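This report covers two topics: enclosed space and aromatic ring pairs.

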Amino acid sequence: MAARALAVITGASTGIGFELARLAAEDGCDLIVTSNEAEIVAAAEDLRRDGTNVEAVQADLATAHGVDALWAAIGDRPVDYMLANAGRGLGDAFLDQSPDRIEEVIHLNVTGTTAVVQRAARAMRDAGQGRILITGSIAGEMPGSFQAVYNATKAYLDTLSYGIRNELKETGVSVTCLMPGPVETEFFHRADMDDTPVGQSDSKADPAKVARDGWAALKAGCSGVSPGLMTKVQSALSGVVPDSVLARLHRDMAEPKENSNG
C-alpha cells in the first residue's frame, strides 16, 4: 500500500489555512498543521476524520525557534505539499503603528515564510518532486495606505513566489502564488481594522472558495491564482493605474472611519 502524501499547512487554525487543510485531508493527505494559536489543537481534532492522520504544532513561525519546532515535527518525512499560509495584518497609519507589531508582521510574513519555503523547497528539489503554495495577496500589487507594512510584505511574497518558481522550473517542484483580495476571516479584527470600510464590508470573499481555488491551482501546478472577479479587476488596474491613484483607492478602503475626512 502506497504511503499517503504529506501536506504541511501553516496558519491553519482558522480561515483560508484551515480550509486548505480540509481540502488536503479530503484529497487523501496526512497533515501537519501549525499556528501560533492554541486553537490549532481544536482545528486538528476537527480535521481527524476518515482515517486522516493530523499532527498539530503550536509554534510562532515569526521566530527561528518556531520554524525549528515545525521541522522537528516533520522530521525526515518527505513533504509533498507545503502550503505557506501563515501571516499577520496591521492596520492604521504607518506613523501610529507600534514598532513591535510592525516587527511581528515582517518577521512572520517575510522572514518566517521565507525560511519555511526555503527548507521545503530544498528537500523537494533533492527528491525531484513537490508542490508549494504561498499565500500572497492582491494587496501586494497596491500601495497600502493605512496598511503599508502588510501590503509591502505581500508584495515581497508575490515576487518571491514567481522568482523561485522560475528557479525550480526543471526540478519537478512547482510554486503557486495564491493572491486573494479581502476574505471573510478574523484577519481584519486581528489587524485592528474593524472600523474600516474593508473591515465592515459584506462583499469579502468566502475563505472556503478561496482555498478551493488555491488548492486546485496548486494541484495543477499553476503559477498563480487570484480568486474572484473583483480581485482580477484590481490586479488588472494595478498594471495601468498610477500608483498615486491606487494609494488613494486603498486609503478609501483601509483608513479608519474616525480618521477619515470623507
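How do the residues of the lining of the largest cavity divide into nonpolar, polar and charged? The lining has four nonpolar residues, four polar and no charged. The model is a predicted one, and the cavity in question is the one cavity of 30 Å³ or more that the structure holds. Its volume is about 40 Å³. The residues that line this largest cavity are Thr10, Leu61, Ala84, Asn85, Ala86, Gly112, Thr113 and Val116. Helix α4 (residues 99-127) supplies the largest share of the lining, three residues.

The count of aromatic pairs is three. Two of them are tabulated here.

| Pair | Centre to centre | Angle between planes | Class |
|---|---|---|---|
| Tyr81 and Trp215 | 5.2 Å | 55° | tilted |
| Phe187 and Phe188 | 5.0 Å | 85° | edge-to-face |

Tyr81 and Trp215 link distant parts of the chain, being 134 residues apart. Tyr81 lies in strand β4 (residues 81-84), and Trp215 belongs to helix α8 (residues 207-220). Is each partner buried or exposed? Tyr81 has a relative accessible area of 13%, under the 20% cut-off, and therefore counts as buried. Trp215, at 7% relative accessibility, is buried as well.

For Phe187 and Phe188, the planes stand at 85°, and angles over 60 degrees count as edge-to-face, so the pair falls in that class. Both Phe187 and Phe188 are buried. Ring pairs also join these two residues with Tyr150 into a cluster.

Definitions and conventions. Residues are numbered from 1 along each chain as its sequence is written. This is a predicted model: local features need pLDDT of at least 70, side-chain atom pairs count only at pLDDT 80 or more; totals for chains, interfaces and linings use all residues. Side-chain values use heavy atoms; hydrogens and water are left out. Rings of Phe, Tyr and Trp (its six-membered ring) pair if their centres lie within 6.5 Å; planes under 30 degrees apart count as stacked, over 60 as edge-to-face and the rest as tilted. Helices (H or I, at least four residues) and strands (E, at least two) are DSSP runs, numbered from the N terminus. Buried means under 20% relative accessible area, exposed over 50%, partly exposed in between (1.4 Å probe, protein chains only). On a 1 Å grid over the protein atoms alone, a cavity is a set of points where a 1.4 Å probe fits but cannot get out, and a pocket is an open set with protein on both sides within 12 Å along at least five of seven lines; lining residues have an atom within 4 Å of a point. Grid points are joined across faces, edges and corners, and a volume is the space filled by probe spheres set on the points. Ala, Val, Leu, Ile, Met, Phe, Trp, Tyr, Cys and Pro count as nonpolar, Asp, Glu, Lys and Arg as charged, and the others, Gly among them, as polar.
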